Amino acid sequence: MCQPNDEMINIRKQLDQMYSQEAKTLLDSFRHIENLIGSTHSPTTDGYHCEMLIRDYLRSKLPSKYSVDTGFIRGPEVEYDGKKLCVSKQIDILIHDTNQFAPLFRTGDYVIVLPESVFGIIEVKKTLDSTALKDGLYNIAHAKQFMHSRTLRLPYFSGIISFSSDITQETIKNALGEVPNLHGYLPEAVTCIPQFHINLVDGAPHEYKWHVKHFSAVSACENSFLLSLGAFLYRLNETIDTDNWHNLKLRFTLDSLNKTHEYHVDYPKILRSSILPRPKPPKPPKPPKPPKPKSKRKPKRIQRKPKTTK
């Protein structure tokens, strides 16, 4: 991989500045709406404006073949918490391919889609606390159950994003480890725009663990760019469009973010047989057997019986 030259570094700084400005604009819009509606809005609609802001932002950033809506995944029957279901819970943001797959149902931004068409499952939270985090993890785990029926094994993204947070790193770590049936169905990213970004990467086959990295939202450079939103978008693009994204020289990277915490989450042994079967690692080739040394045994002499005279 070639080292970036000065011109490329300057352009990347400009990209960081752009992502930072977009994040601040999104937060400003959120605060304006909060100031206008105050505390008089119904709890049932609490956070709808957050979903709307994130949906509009992703529509401006993703290729036109992807539609960004809200709704349900309709798949084959699966068993979840002892119940047989064929429809997921409502997902805040569904990213689905409308070039190859038409929704089963659409009215406005509300859709019902097949698992094959889904490339993104995102939960949006106004404030990320312990309850909201567990709720988002459960919803994503529930939706991922239906994704295993896909005939096309294409990668898809899942994540949680919020506009504020009342949670510590230790609480997040405990939440990822406390809910046992989530392991194997964790999201790829958890982001609070003004505070942090968390990357979750599934381990190698038969490793049965998730590698978790916490990053601060603000860059480590002297400009202090707000890059958590850019990091979330980076993880989304990296997952659903891996080949094209990695071929881009001027793309967002996590190099500018300051890593604050790193650990891994193990799958419980009782669940290892219930998750999607993983391919067994190839056995190492056996070393060739050394050739057998040639025996230096002397040929047997045939002893002839002496002739007897009559």
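Let's start with the aromatic rings: searching the whole of this predicted model turns up five aromatic pairs. Take Phe72 and Tyr110. Their ring centres sit 6.0 Å apart and their planes make an angle of 70 degrees, so this pair counts as edge-to-face. Phe72 belongs to strand β1 and Tyr110 to strand β5 (residues 110-113), so the pair ties together parts that are 38 residues apart in sequence. How covered are the two partners? Phe72 is buried, at a relative accessible area of 19%, which puts it just inside the rule, because buried means under 20%. Tyr110 is partly exposed, with 29% relative accessibility.

Now look at another of these pairs, Phe157 with Phe232. This one is also edge-to-face, with 5.4 Å from centre to centre and 90 degrees between the planes. Phe157 comes from strand β7 and Phe232 from helix α5, so distant parts of the chain, 75 residues apart, are linked here. Phe157 is buried, with a relative accessible area of 0%, and Phe232 is buried as well, at 2%.

Back at Phe72 and Tyr110, there is a third ring to add: ring pairs join Phe72, Phe105 and Tyr110 into a cluster. Phe105 turns up again on the outside of the model, where it makes a nonpolar surface patch of about 270 Å² together with Leu104 and Leu114. Leu104 sits in the loop between β3 (91-97) and β4 (105-107).

Next, the charged side chains. Side chains of opposite charge can pair when their charged atoms come close. How many salt bridges does the model hold? The count comes to 13. In one of them, Arg59 meets Asp69, with 3.6 Å from N to O. Arg59 is in helix α2 (residues 48-61) and Asp69 is in strand β1 (residues 66-80), so the bridge ties together parts 10 residues apart in sequence. The two ends have different surroundings: Asp69 is buried, with a relative accessible area of 2%, while Arg59 is partly exposed, at 34%.

Asp69 has another partner too. The side chain of Arg106 meets that of Asp69 in a salt bridge of 3.0 Å, N to O. Since Arg106 lies in strand β4 and Asp69 in strand β1, this pair ties together parts that are 37 residues apart in sequence. Arg106 counts as partly exposed, with 37% relative accessibility. Zoom out a little and you find these residues in a network of salt bridges that links Asp56, Arg59, Asp69, Arg106 and Asp109.

For a salt bridge with cover on both sides, go to Lys125 and Glu123. Their closest N and O atoms are 3.8 Å apart, and both residues are buried.

Helix α2, the home of Arg59, deserves a look of its own. Does its length fit what you'd expect of a helix, and what would that length be? At 1.5 Å a residue, the 14 residues of α2 should span 20 Å, and the end C-alpha atoms are indeed 20 Å apart, so the two agree. Which of its residues are buried? They are His49, Cys50, Glu51, Leu53, Ile54, Arg55, Tyr57 and Leu58. These buried residues pack against a long list of elements: α1 (6-37), β1, β3, β6 (118-128), β7 (157-165) and α5 (228-240). Two names there should ring a bell, as β7 and α5 are the elements that hold Phe157 and Phe232.

One loop residue is worth a stop: Ser117, found between β5 and β6. Ser117 counts as buried, with 2% relative accessibility. Leaving out neighbours within four places in sequence, the residues in contact with Ser117 are Ile95, His96, Asp97 and Phe101.

Finally, step back to the chain as a whole. Its secondary structure comes to six helices and 11 strands. Of the 310 residues, 44% are buried. Among contacts between residues at least 6 apart in sequence, 71% join residues at least 24 apart. The chain exposes about 18,500 Å², with carbon and sulfur atoms supplying 53% of that area.

Conventions: Residues numbered from 1 in each chain as written. Predicted model: local features only at pLDDT ≥ 70, side-chain atom pairs only at ≥ 80, totals over all residues. Heavy atoms only, no water. Patch = residues over 30% accessible without salt bridge, like charges linked within 9 Å, V, L, I, M, F, W, Y side chains within 5 Å. Areas by Shrake-Rupley, 256 points an atom, 1.4 Å probe, with all protein chains shown as cover. Salt bridge = Lys/Arg side-chain N within 4 Å of Asp/Glu carboxyl O. Helix = DSSP H or I, 4+ residues; strand = E, 2+ residues; numbered from the N terminus. Buried < 20%, exposed > 50% of the residue type's maximum accessible area, 1.4 Å probe, protein only. Expected span 1.5 Å × (residues − 1). Contact = heavy atoms within 4.5 Å. Phe/Tyr/Trp six-rings, centres within 6.5 Å; stacked < 30°, edge-to-face > 60°.
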